[in-house]
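User: I am new to this structure and would like to know how its descriptions are justified. Please take me through the terms as they come up.

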Amino acid sequence: MGKSREIKKRMKAVGNIRRITRTMQMIATSKFARAQQAATASKPYTQALFGLVSDLAGGEGVDSPLLQTPGADGARPASGRELTLVLTSDRGLAGPYNGSVLRLATRHLREHAPADPAKGGEVEMVGKKGAGIFRFNNIPVTRQHTQFGDKPRFEEVERLAQEYIERFAAGEIDAVRVVYMKFISTGTQRPEVLQLLPFQKSAAAPAAKAEAASVGDARDPAPGVPKQFEFTPSPTELLETLLPAAVKAQLFQCFNDAVVSEHVARMVAMKAATDNAGKMRNRLKRDYNRARQAQITTELTEIISGAAALG
């Protein structure tokens, strides 16, 4: 009797877990739909802006402090300090989401460790899970951002990007890189290290051109022929305005991709947990029926044996 009672308690516990994971799956699905809409809606603007900035930066005699790599010819001296921003989640139960991002971030920090330990580098963290794991691994975190949550607003991201731009232009840091989960499709997300500053026009232009080629442009009568532009005001003046806007848009896109990737990972993880709980419940139900059948058989055997002894 004790064994069947124990199995029944386990069946009840597994059923409760299955209801919880099913609810979390539905919530993640709802949040994913909204986050995906926000992430995909901002991509065309970001890619078009990057394409325009790349065309401006490729002109002769056009330059900007945000394009110059510190320590290179004609650029300011390098300070030896780099800033790495790592985007993780505030909550767990998201499958391999946080683990994949943090493994890439740890490898990146080790590969780009400064030659002079006194200069060091700065690591800024978004998300409580990443901060806890870095603290456990004795990786110092310079600053932790808690204001974004799972609904980052452009105004908050813009302020952070403006701070990075000002510090880079002042020579406090040589580079700003973002480690995040890039959203490619519902079935594909990939951890990636993005160089936010200095701006890399060579990396942005192919992405913008590939996107334009995939959707086509009816206004372009001769694809593949170099386009000629006339800029008013001058390209340098336009670049001073558009380049910071491109950096801010790219950082906001990173936040949007990270959020939608987190919801996808949690949705998949909770669906797998719900399916596993259902399979375990069926297995426990089978074990319970077997235990109950064995108990009934034992009781019948005892009754028959007692009746035979009395007869």
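Analyst: Helices (H or I, at least four residues) and strands (E, at least two) are DSSP runs, numbered from the N terminus. By that rule the secondary structure of the chain comes to six helices and five strands, and from the N terminus on the elements run α-β-α-β-α-β-α-β-β-α-α. This is a predicted model, in which local features need pLDDT of at least 70 and side-chain atom pairs count only at pLDDT 80 or more, while totals for chains, interfaces and linings use all residues. Residues are numbered from 1 along each chain as its sequence is written, and side-chain values use heavy atoms, with hydrogens and water left out.

User: What makes Ile304 count as exposed?

Analyst: A residue is called buried under 20% relative accessible area, exposed over 50%, and partly exposed in between (1.4 Å probe, protein chains only). Ile304, which is placed in helix 6 (residues 235-310), has 59% relative accessibility and therefore counts as exposed. Across the chain, buried residues make up 38% of the 311 residues.

User: Why is Lys248 called buried or exposed, and what of Glu158?

Analyst: Lys248 has a relative accessible area of 13%, so Lys248 is buried. Glu158, with a relative accessible area of 28%, is partly exposed.

User: How do you know that Glu158 forms a salt bridge with Lys248?

Analyst: A salt bridge is a side-chain nitrogen of Lys or Arg within 4 Å of a carboxyl oxygen of Asp or Glu. In the pair Glu158 and Lys248 the closest N and O atoms are 3.7 Å apart, and the pair is therefore a salt bridge. Glu158 lies in helix 4 (residues 154-169) and Lys248 in helix 6, so the pair ties together parts that are 90 residues apart in sequence.

User: How many salt bridges does this rule give, and which residues are linked in a network?

Analyst: The count comes to 13 salt bridges, and Arg81, Glu122, Arg167 and Glu172 are linked in a network of them. Another salt bridge joins Arg266 to Glu262, with the closest N and O atoms 3.1 Å apart; these two are four residues apart in helix 6, and so are separated by about one helical turn. Both Arg266 and Glu262 are buried.

User: What makes a set of residues a nonpolar core, and which residues have the most contacts inside the largest one?

Analyst: A nonpolar core is a set of buried Ala, Val, Leu, Ile, Met, Phe, Trp, Tyr and Cys residues joined through side-chain atoms within 4.5 Å. The largest such core has 52 residues, and those with the most contacts inside it are Leu85, Leu87, Leu251 and Phe255. Its largest share, twelve residues, comes from helix 6. Apart from it lies another core, of nine residues, among them Phe183, Val259, Val260 and Val264.

User: Why are the buried residues of helix 3 said to be on the same side?

Analyst: The buried residues of helix 3 (residues 128-136) are Gly130, Ala131 and Phe134. They cover an arc of only 100 degrees around the axis, which puts them on the same side of helix 3; the arc is that of the directions from the helix axis to the C-beta atoms. The face turned away from this buried side carries the exposed residues Lys128, Arg135 and Phe136. What covers the buried residues includes helix 2 (97-111), strand 2 (122-126) and strand 3 (143-145).

Notes. Contact means heavy atoms within 4.5 Å.
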